[in-house]
Amino acid sequence: MSDEPRTSTTREINGAALAGRPETALIFHIQKGSMQDGPGIRTVVFLKGCPLRCRWCFNPEGFRFQAELRFCKNMCIGAADCGRCLDACEYGALQKAAPGFGSGIIVQRQVCRLCGACTSVCPSQAISIVGEAMHADAIVDIAGQDRDFYAASGGGITLSGGEPLARPAFAAEILRKSQERGLHTVLATSGWYDMDNPYVRESLRHTDLVLFDIKHVDGVLHRQFTSVDNSRIIENLRRLGREFPDLPIIARTPVVPGFNDTHKVIEEIALLAASIPSVCDHELLPCELVGEAKYAQFGLPHTQAGSRSLEFPLLEELSEIVGNTRG
Amino acid sequence: MYRPETAVNSPRERTRRIAARFVDSQPLLSVERARLFTASFKTTEHLPLVLRWAMAVAHVMRHIDVRIFPDELIVGRGGPEGRYGILYPELEGAYFSLSGTLLEKQEGMPHQFTSDDLAVIRDELLPFWAGRTFRESLAYSLPDDLRRLVYKDGDIYTPSMVIYESATVRHSLQWVLDYKKVIERGFEGLHAEASELLRTLDINNPRHNWDKAPFYRAVIVICEAMRDFALRHAECARTMAASCDDPHRRQELETIADICSHVPWKPARTFHEALQAQWFTQLAARFEQMHGGIVGNGRVDQYLYPLYQKDREAGRLNEAKTMELLDCLWLNMAQFLRLQPTIAGLQIYEGNAHWEHTTLGGVLADGKDAVNELSLLVLRSRREMPLPYPDVCVRMHPDLPQDFLEEVVQTIKSGCGAPKFLNDAEIIPVLRAKGIEEAEARDYCGSGCSEVRLINRDTYLTGTTWVNLAAVLEMALYNGHCSMSTDKPLGLTTGDPRKFTSYEAFEEAFLTQLRYILRQTLKQLYITDTLRPSQMAAPLISALHDLCMAQGRDISEGNLENSLRSGCQVGITGFATVVDSLAAIRYLIYEQGLMDMDRLLQVLSRNFEGFEVERHHCRNAPKYGNCIAAVDAIGRKLEQFMVEECQLHVGYYGGQPQIIYVPVTSHIAMGRVTGALPNGRRAGEALSAGISPSPGAARSGPTAVLHSVAETKYEAGTARAARMLDIPVPPRGVDGPEGTRNLAAFIRVWCAQKHWHLHLHMEDEALLRTASNDPEKFRFHPPHLPGYASLPNDLTPEMIRSILSCPQNFLE
């Protein structure tokens with residue numbers, strides 16, 4: 001069960017990551033002072049881009065690997081009183097709508113080149129580009145500002161997304177540098193990654209705790225609701241338990257009405273999680289429709305499609321099942 | 001769904017019954033104290049002031065209506081049944097000589113008068129007090145230029161809101177009585193001490209000569225009045241017991257009669273007696289004077305502990321009884337409201353705000369943790385109290401036990417609005433720097449809103465003067481003019497800012513205006529200090545003060561030997577508003593060139609109307625509270641400038657003035673009359689409160705707020721004190737035991753960073769509904785959900801539901 005790189009090739013790649021030119025990745029949000037993403041008070045770094053498309057996702061801005069234009073209608077001053085973006089855009093991506101049509105600005109995403117000309121003239125920040133290319137060092141510097149809070153609370157940095165391991169070399173760099181500076185590291189993952197990728201392995205070596213999503217045990221339903229099959233995820237969970245036996249895992253299950261909110265499904269998920277010795281806890285997270293407005297802001301067609309918020313009494317019932325399963 | 005506690009909900013039957021009787025009653029501004037006080041005062045003009053005051057208070061206590069209401073266990077009140085306030089005609093009573101002010105219900109005023117009361121005001125109070133009140137005395141002592149800054153258009157009952165004197169809407173800044181003395185020695189003990197000091201006055205001893213006789217006589221008068229006041233209650237209880245059909249209540253009344261025949265004259269023998277003695281003492285202090293925040297409860301878990309412990313050991317007291325007695329004490333305070341007769345007082349104490357500041361925790365004289373069993377019970381009683389009383393504060397220090405801190409956090413999470421925190425790690429060193437010994441500094445208690453007192457060392461009592469920092473900024477923008485000025489400028493002529501070529505030039509103009517306004521403020525405070533000894537006396541609080549008793553001087557004389565060298569309290573209002581405005585000016589005009597000064601002035605003069613683009617530029621400029629070094633540096637420079645300016649001066653009492661950030665509600669009142677500002681704030685909106693960031697400006701979460709606030713503190717300065725900090729907490733973000741521990745850790749970092757004060761307020765439905773109508777003030781929300789990336793402007797109804805909804809184990 002070695003977590004060492006397997007071949008000399010990977011060793012070389014590893015070396016390049018350690019010594020080579022700094023990489024950047026797109027970050028869509030850095031949340032300081034979070035008390036919900038791993039132990040203690042934490043800084044959560046959201047990496048942009050995710051291979052999954054979970055229907056209930058409340059961070060749709062994390063889907064794509066490219067920067068995106070965000071347009072908040074209700075922050076917009078409007079074409080009549082402002083309209084600076086219309087003049088700024090050289091590609092005709094922003095158009096004036098017919099009178100009486102909301103803010104009066106229409107975004108034509110298919111012609112937008114993300115040049116940022118509109119965002120720099122937008123006084124109200126109604127138009128912004130979400131996804132900032134950042135160096136790992138800059139991110140770790142920001143996370144380091146709250147060192148006092150981590151020390152007092154047992155907190156640290158949490159890498160989230162999107163899927164952070166979709167950019168394994170970058171994730172590895174952040175996690176390694178964070179650990180070098182004495183920060184506790186948490187990796188929040190969907191489980192959809194390449195377990196054999198040397199950078200993934202390096203990431204895991206520099207991770208103190210994994211928050212691992214298990215959404216469903218049924219492959220068909222899983223594909224239907226998240227766009228990917230779950231066999232790789234389950235396999236990765238098992239391998240994580242085998243190949244990194246000392247790395248603690250907290251299993252997390254978003255409970256989505258109509259998808260996995262039955263006693264039976266939750267019990268099956270709980271049994272799977274309980275079968276991995278390094279899974280030290282299993283949390284249920286209720287589905288919340290707090291991201292609805294975001295979909296329209298990014299020009300996405302549906303909003304947490306068909307999902308409903310989960311009511312607490314049911315959540316408590318299901319949590320009890322998990323508790324009983326885990327003993 | 002998370003819900004803060006609603007009214008008249010208590011696990012204790014008696015508490016519910018008493019509270020239900022008064023919660024909805026229309027507050028009455030009682031004239032009884034005024035009538036009796038004045039009747040005595042009229043007849044004593046030949047006597048020294050301190051003795052007159054004592055005799056007047058004694059007259060009140062011997063003649064005011066004494067009644068005991070059903071269910072009460074701690075008896076005594078200062079007004080009619082229900083919620084009441086007390087009128088103090090000596091402060092601003094001449095106001096009623098203005099036409100239209102003598103109405104049963106005056107528009108905009110929260111209280112009402114009965115027609116009998118109005119007759120008393122008209123026929124008994126006004127003829128005596130018109131021309132003698134403190135307001136008039138101060139107003140006519142101020143030089144013209146200063147008077148214009150304080151009062152609007154020469155009307156001494158309308159504050160200008162440039163600088164706001166509060167010295168004449170109350171007798172004193174804020175105060176806490178030495179209840180321990182009353183409990184341990186009784187007024188009999190103080191009476192004996194004063195008598196002995198009076199007996200030993202010596203015409204050949206300059207330090208103990210006959211000039212002190214009036215003071216010691218006054219103390220004797222007050223002590224005897226305390227005894228008689230209690231005896232009147234004993235008699236009332238006994239009479240009521242005799243005709244009481246309910247055997248249970250009869251027994252209670254007999255107990256009350258026994259207690260009141262003993263305390264506060266004799267030392268208290270039981271916990272119940274200690275509470276009764278405490279209440280009689282603070283009630284009498286209310287007859288004597290009105291203090292800012294009314295009068296504090298001090299370190300209740302310390303001075304009440306010995307008798308609590310004794311009663312518990314003797315089996316006389318159990319937990320339930322303790323809680324019931326504490327409730328009865330708090331309910332007495334809850335029925336009292338700070339009712340200000342004039343708009344001047346009303347604006348600064350909106351909502352009739354009063355704080356019986358109740359201090360828990362902290363350290364003992366030897367530096368060890370002071371938390372005990374009673375601290376926990378007081379905390380619990382506050383959590384279970386159906387009304388927001390008393391104002392509980394926890395003295396935080398690095399060794400505060402984790403289990404107690406978690407109890408405190410759970411109390412905050414219950415949504416009851418308390419407790420708040422004061423920080424030993426900051427306050428004790430600040431007191432040490434002012435020359436106080438370590439052991440004594442460790443015994444400070446909270447007072448007023450977020451200030452502190454050493455109750456046998458402090459003597460400074462002149463009410464804070466608040467400075468409208470935003471109006472000062474306006475003076476720099478409009479060459480001496482501000483929203484409050486009419487034709488003549490209220491500030492200095494610092495030049496047309498359109499001609500300034502750099503940010504530094506603008507900042508220089510601003511600081512020049514600020515220096516002028518601070519000096520005018522200090523002058524006003526100095527003048528007030530000099531008037532106090534001839535205008536007021538406080539024989540009761542002086543009797544309980546070591547220095548006053550030893551030196552034979554009333555505390556209102558102020559400059560006592562060995563007193564804490566402190567002076568004028570300069571309250572800065574709108575700190576973040578102005579830091580943000582300065583940052584916006586630098587960023588928009590001198591760095592980014594998004595507009596020029598001419599444009600900015602035009603936009604502000606139109607209150608942004610028709611200039612939505614510019615308003616957004618202003619709003620989106622960098623803001624204080626986000627750990628942005630360049631902005632925090634502006635705040636730091638501003639604080640240092642003000643503290644250093646104060647350090648150049650010595651007050652009338654020989655101490656340094658102090659910069660404090662304790663707005664009470666001045667930020668609302670001052671904001672109401674201040675024009676649009678470069679930070680994007682519209683005219684009339686509230687200014688920022690205390691040292692907290694502007695509403696809606698903290699976009700980087702609560703940890704960044706703490707870093708920024710710490711960054712602006714001028715640690716090396718000595719002319720500084722309270723800094724009020726308010727941080728909103730989304731309930732969902734701190735749910736469960738994990739949330740409790742994290743919030744506790746947050747508080748520990750706050751302590752280690754050496755902040756002064758912290759109020760964590762739980763967001764509730766009302767707040768979030770208001771916010772959703774004004775989304776700009778709520779554009780950035782603290783994190784509350786696992787995995788959720790909160791982009792600006794996401795307060796949807798679903799989001800509100802999510803923030804407020806909590807699982808069942810929320811409080812744990």
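Here are three short exercises on cavities, a pocket and a helix, each with a worked solution.

This is a predicted model, in which local features need pLDDT of at least 70 and side-chain atom pairs count only at pLDDT 80 or more, while totals for chains, interfaces and linings use all residues. Residues are numbered from 1 along each chain as its sequence is written, chains are lettered from A and ligands numbered from 1 in the order written, and side-chain values use heavy atoms, leaving out hydrogens and water.

**Exercise 1.** Work out what lines the largest cavity.

Step 1: get the term straight. On a 1 Å grid over the protein atoms alone, a cavity is a set of points where a 1.4 Å probe fits but cannot get out, and lining residues have an atom within 4 Å of a point.

Step 2: take the volume, meaning the space filled by probe spheres set on the points. The largest cavity holds about 560 Å³.

Step 3: look at the lining. It has 30 residues, and A:Cys57, A:Phe58, A:Asp213, A:Lys215 and B:Gly787 lie nearest the centre.

Step 4: sort by class. There are 14 nonpolar, nine polar and seven charged residues, with Gly counted as polar.

**Exercise 2.** Describe the second largest pocket and say which elements supply its lining.

Step 1: a pocket, unlike a cavity, is an open set with protein on both sides within 12 Å along at least five of seven lines. This one comes to about 850 Å³.

Step 2: of its 31 lining residues, A:Gln36, A:Glu283, A:Leu284, A:Leu285 and B:Asp735 sit nearest the centre.

Step 3: now the elements, which are DSSP runs (helices H or I, at least four residues; strands E, at least two) numbered from the N terminus. In chain A, β11 (249–255), β12 (279–286) and α12 (312–326) each give at least two residues, and so does α30 (736–752) of chain B.

**Exercise 3.** Check the span of helix α24 of chain B, then decide whether B:His617 is buried or exposed.

Step 1: α24 (residues 575–591) has 17 residues and reaches 22 Å from first C-alpha to last, close to the 24 Å expected at 1.5 Å a residue. The expected span is 1.5 Å times one less than the number of residues.

Step 2: 14 of those 17 residues are buried (under 20% relative accessible area; exposed is over 50%, partly exposed in between, with a 1.4 Å probe and protein chains only). Just after the helix, B:Gly593 takes a positive phi of about 65°.

Step 3: B:His617 lies in α26 (residues 612–620) of chain B. B:His617 has a relative accessible area of 9%, so it's buried.

Step 4: list its contacts (heavy atoms within 4.5 Å). Not counting residues up to four places away in sequence, B:His617 touches A:Arg84, A:Pro123, B:Leu588, B:Leu594 and B:Met595.
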